[in-house]
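Trainee: I should like to work through a protein model step by step. May we begin by looking at it together?

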Amino acid sequence: MKIAVLAVQGAFIEHEKKLEKLGAQCIELRKKENLEEDFDGLVLPGGESTVQGKLLKELGMFDALKESFWQKTLPMMTTVILLHFLFP
């Protein structure tokens, strides 16, 4: 199983380590182009959600991630940043 981990800010390394320990292959999402890779699930780690939202918009990733949340059946684990996707 390949899991994408949002790696722009927050505790992404800790999430990757735990997922890999469980047998998952992790890829880091650092730029919009990374979203074109195939992956089976998505982790949006905690961090400073205002900063994450700003970075995602600057990197052109915000709308694509929001679309993944609302329109795809992609399994997603998230924490505080979820509020930015549900209530922008």
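Mentor: The following exchange takes up confidence, the sheet, one loop residue and the cores in turn.

Trainee: Which element of the protein chain has the lowest mean pLDDT?

Mentor: This is a predicted model, and the protein chain averages a pLDDT of 84, with 85% of the residues scoring at least 70. Where pLDDT is low, the predicted coordinates should not be read in detail. Among the elements, β2 has the highest mean, 96, whereas the lowest mean, 57, belongs to helix α4 (residues 82–86).

Trainee: In what order do the four strands stand in the open sheet?

Mentor: One may build the order from the pairs. β1 and β2 are joined in the parallel sense by five bridges, and β1 is also parallel to β3, through three bridges. β3 in turn pairs with β4 in the parallel sense, again over three bridges. The order of the open sheet is therefore β2-β1-β3-β4.

Trainee: Why is one side of β2 and of β4 left without a neighbour in the sheet?

Mentor: The twist of this sheet averages 20° from one strand to the next. β2 and β4 (76–78) each have one side free because each has a single partner strand and stands at an edge.

Trainee: Which residue of β3 is the bridge partner of Val 5?

Mentor: Individual bridges show how the strands are matched. Leu 6 is bridged to Leu 29 in β2, and Ala 4 is bridged to Leu 42 in β3. Further along the sheet, Leu 44 has Thr 78 of β4 as its partner. For Val 5, the partner in β3 is Val 43.

Trainee: What is the handedness of the crossover from β1 to β2?

Mentor: β1 and β2 pair in the parallel sense. The chain passes between them through helix α1 (residues 12–21), and α1 lies across β1, β2, β3 and β4, at about 170° to β1. This β-α-β crossover is right-handed.

Trainee: Is Ala 7 buried or exposed?

Mentor: Ala 7 is placed in the loop between β1 and α1. Beyond residues up to four places away in sequence, Ala 7 touches Phe 12, Glu 28, Leu 29 and Arg 30. The relative accessible area of Ala 7 is 2%, and the cut-off is under 20%, so Ala 7 is buried.

Trainee: What distance separates the C-alpha atoms of Ala 7 and Glu 28?

Mentor: Glu 28 is one of the residues that Ala 7 touches. The two are 21 residues apart along the chain, and their C-alpha atoms are separated by 5.6 Å.

Trainee: How many residues are in the largest nonpolar core?

Mentor: In soluble globular proteins, nonpolar side chains tend to be buried together. Here, among the members that touch the most others are Leu 6, Leu 29, Phe 39 and Met 61. The elements giving two or more residues to this core are β1 (2–6), β2 (25–29), β3 (41–44) and α3 (62–71). The number of residues in this core is 14.

Trainee: How many residues form the second, separate core?

Mentor: This core includes Val 5, Phe 12, Leu 19 and Cys 26. The total for the second core is eight residues.

Terms used
Residues numbered from 1 in each chain as written. Predicted model: local features only at pLDDT ≥ 70, side-chain atom pairs only at ≥ 80, totals over all residues. Heavy atoms only, no water. Core = buried A, V, L, I, M, F, W, Y, C linked by side-chain atoms within 4.5 Å. Buried < 20%, exposed > 50% of the residue type's maximum accessible area, 1.4 Å probe, protein only. pLDDT = per-residue confidence, 0-100. Pairing = 2+ DSSP bridges. Right-handed = clockwise from strand over helix to strand, strands pointing away. Axes fitted to C-alpha atoms, helices over the stretch in contact; angles between N-to-C directions. Contact = heavy atoms within 4.5 Å.
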